[in-house]
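Me: Please describe the largest nonpolar core closely, with enough about the chain as a whole to place it.

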Amino acid sequence: MTHVVTEACIKCKYTDCVDVCPVDCFHAGPNFLVIDPEECIDCTLCVAECPAEAIFADEDLPAGQEDFVAINAELSPLWPVLSARIDPLPDHEQWLPVKDKRHLLER
C-alpha cells in the first residue's frame with residue numbers, strides 16, 4: 001500500500017504534509033504535489049495534515065480518483081523532491097473548494 005495525492009491538491013499545493021513526512025516521498029510540480037510510491041512508508045502522518053484532504057491510501061481512493069495512482073507514479077521521478085514546507089500557491093484559497101480540477105494539472 002502507498003498513499004496518493006489526488007485532484008483536490010491541484011492549484012492549491014499545500015505542503016503541510018511535507019513537514020510531517022519522515023521520508024522524502026513528496027515531489028513538487030508547478031501546481032500539484034505527488035507521492036513517490038517507492039519511497040512512501042505508509043505512515044499515514046500526511047493524511048491528517050492536508051488542508052485540501054487530498055491524500056488517501058491507494059486502497060481507499062474516492063471514486064473517480066483511481067488514476068491518480070498512475071499519475072503520482074509517473075510524475076514523481078520527473079519532479080524534484082520537496083523536503084521542507086513552502087507557501088501554498090498564491091490563489092490557493094480560491095481553488096480549495098473547486099471540484100473537477102484535473103484538466104488544470106500542469107505537468
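Reply: Contact here means heavy atoms within 4.5 Å. Among contacts in the chain between residues at least 6 apart in sequence, 77% join residues at least 24 apart. The model is predicted: local features need pLDDT of at least 70 and side-chain atom pairs pLDDT 80 or more, while totals for chains, interfaces and linings use all residues. Residues are numbered from 1 along each chain as its sequence is written, and side-chain values use heavy atoms, without hydrogens or water.

The chain has four helices and four strands (DSSP runs, H or I of at least four residues and E of at least two, numbered from the N terminus), in the order β-α-β-β-α-β-α-α. Of its 107 residues, 46% are buried, that is, under 20% relative accessible area with a 1.4 Å probe, protein chains only.

The largest nonpolar core (buried Ala, Val, Leu, Ile, Met, Phe, Trp, Tyr and Cys joined through side-chain atoms within 4.5 Å) holds 30 residues, of which Phe-26, Phe-32, Ile-35 and Ile-55 touch the most other members. Two or more residues each come from β1 (3-5), α1 (16-20), β2 (26-28), β3 (33-35) and α3 (68-75).

Beyond four places in sequence, Phe-32 touches Val-5, Thr-6, Cys-9, Ile-10, Lys-13, His-27, Phe-68, Ile-71, Trp-79 and Leu-105. Two of these contacts, Phe-68 and Ile-71, are buried in α3, as are Asn-72 and Leu-75. The buried residues of α3 line one face of the helix, because they fall within an arc of 95° seen down its axis, taken from the directions from the axis to the C-beta atoms. Their cover includes β1 and β3.

Note on methods
Buried < 20%, exposed > 50% of the residue type's maximum accessible area, 1.4 Å probe, protein only.
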